[in-house]
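Q: Hi, have you got a minute to walk through a model with me? I'd like to look at how its pieces pack.
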Amino acid sequence: MKVAATELVFIPSPGMGHLVSTVEMAKQLIGRDHRLSITVLIMKTPFDKSKVVSSTHSLLLKAAEDRLKFVELPQDEEAATELRTKNAGNFMSEFVNMNKHHVRDHVTKMMASTESGRLAGFVVDMFCIPMMDVAAEFGLPTYAFFTSNCAFLGLIFHLDTLSRNEDVTELKDSDAELEVPVFVNPVPAKVLPGVVLHKEGGSTFMLGVAKRLRETKGIMVNTFEELESYAVKRLAKDDMVPPIYPVGPVLHLVKDEKEEDEEVIQIMRWLDDQPLSSVVFLCFGSMGSFNGEQVREIAQALEQSKHRFLWSLRQPPPKGKIEMPNEYQDLSQVLPEGFLERTAEIGKVIGWSPQVAVLSHKAVGGFVSHCGWNSTLESLWCGVPVATWPMYAEQQMNAFQLVRELGLAVDIKLDYKRDMRYSSIEPKLVTADEIENGIRRLMENGDKSSTEGIKLKVKEMSKKSKVAIKEGGSSYNSIGRFIEDVIINVHSS
């Protein structure tokens, strides 16, 4: 077997949304150029072991290639658990720092191996920026794979610039609106990510990420030019920003083993029995959950709207603990009395959801979403319009972009925040009437200039997303530019 001449080391964040898209990106790169090989170094957190590990192994099996290797780094479980308990708000940055020596050890072995090609650099996730120090120790360049969008990337660059003259955390809870270069419209402070306003370290970390991203050789972004044309152009004109490569949508569209489970088969059979575009799908991401009072408001809204629904409902972790939501053992404990019986003809409440499979189903006509970037790209790919209900990370900003900047969604709430890492305050209740109003605007054919216009724009963007990754498309060409730049850089060093 011929050894590839140029090897990249990918270091993704351990979160599933980051890990999955990173693996898909690695697969695309080696599929495009026989000169490349990639080793993905996987850090394991001490929580959500079963799901992360099983999903990872599923990915590894499906991604098996001669030039794509996966290495699970040793886990310092006791130290990581202690770190999470003592430093929850800054857990990820400290966890990555904790893994530096494991990365250093493995790369040392790679460089000593005759089987490995010439190392061309690291490709790091935005949360793994500290690994740039390790790359520098080996004299290697660092590239970034940014799993969010160009608008968020431009926002953190802008906040980094602002922070040189003012304390950006003072924007927390203010009614200020910011002129951000990558946005056409002023951005309300209320939709800024909680982490960038976190006075106890989160803001310092994110501004540090922005500073270090400026030092990379280039940034691949999981977006496409046709979706974020304004933001892409503004970043390209900024001399303080390295080359930007829009390479998306990078999606995991292959069926996972879990989708063969009987529960999933029942979900798809239920959808098969529903009329075309009649079902509203509610799903809030791997970390999305609500308290009992909010769950009852959602249930009331669904019942009042009389629309068919598929609702992925997850149980929150114990108060004060940063853990993944669990499955409810008894839904009647959290739902209004008699709700399941009264809605049996039009609705189905489930736990974990095979999201892409559901969004791809012809019966689904709308998506009430937390606006995670992977979910946003999946909904656009499938041509399903969204009602925004952001929860954590940069989701409020994504919702603002979809509704106000791009006209691709309706809003239930733009500034809802439920992020226990950066706030212990429960968010204000979203009422049943607010939720019902959002569902009706999403699902019913109304004014041609509003909801109908959004649906048409989403269908058009769905077509553009598919063209972007085909040969000759904008993202296809951008990936080609990235590969050539990597190879030029390695041979000129």
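Q: Let's start with helix 14 (residues 373-382): how many of its residues are buried?
A: Happy to help, and keep in mind that this is a predicted model. Nine of the ten residues in helix 14 are buried, so to speak of it as mostly covered is fair.

Q: Which residues of helix 14 are the buried ones?
A: They are W373, S375, T376, L377, E378, S379, L380, W381 and C382.

Q: And what do the buried residues of helix 14 pack against?
A: Their partners are helix 13 (355-360), strand 13 (364-369), strand 14 (386-388), helix 15 (395-405) and helix 17 (451-468).

Q: What follows helix 14?
A: G383 does, and its phi is positive, near 75 degrees.

Q: You mentioned strands 13 and 14. What is the strand order in the open sheet of six strands?
A: The order is 12-11-10-13-14-15, and the pairing is parallel. Strand 12 (347-350) and strand 15 (409-411) are the edge strands, each pairing on one side only.

Q: How much are neighbouring strands turned against each other there?
A: By 20 degrees on average, ignoring direction.

Q: Zooming in on one edge, how many bridges join strand 11 to strand 12?
A: Four bridges join strand 11 (residues 308-312) to strand 12, and the two run parallel. Within that pair, L310 stands opposite K348 of strand 12.

Q: Which strands does helix 11 lie across?
A: Helix 11 (residues 292-305) lies across strand 10 (279-283) and strand 11, and runs at about 165 degrees to strand 11.

Q: Switching topic: is strand 2 (residues 36-42) buried or exposed?
A: Mostly covered, with seven of its seven residues buried. Both faces are covered: L36, I38, V40 and I42 are buried on one side, and S37, T39 and L41 on the other.

Q: What residue in strand 2 is the bridge partner of V9?
A: That is T39. Strand 1 (residues 6-11) and strand 2 run parallel and are joined by five bridges.

Q: Last one, the helix pair. At what angle do helix 7 and helix 9 pack?
A: Helix 7 (residues 150-163) and helix 9 (residues 229-236) pack at about 40 degrees, with their axes 9 Å apart. That angle makes helix 7 oblique to helix 9, and their crossing is left-handed.

Q: Which residues make the contact?
A: Helix 7 uses C150, A151, L153, G154 and F157, while helix 9 brings A231, V232 and L235. By class, that contact has seven nonpolar residues, one polar and no charged ones.

Technical notes
Residues numbered from 1 in each chain as written. Predicted model: local features only at pLDDT ≥ 70, side-chain atom pairs only at ≥ 80, totals over all residues. Heavy atoms only, no water. Axes fitted to C-alpha atoms, helices over the stretch in contact; angles between N-to-C directions. Parallel < 35°, antiparallel > 145°, perpendicular 65-115°, else oblique. Left-handed = near helix turned anticlockwise from the far one by under 90°. Contact = heavy atoms within 4.5 Å. Nonpolar A, V, L, I, M, F, W, Y, C, P; charged D, E, K, R; others polar. Pairing = 2+ DSSP bridges. Buried < 20%, exposed > 50% of the residue type's maximum accessible area, 1.4 Å probe, protein only.
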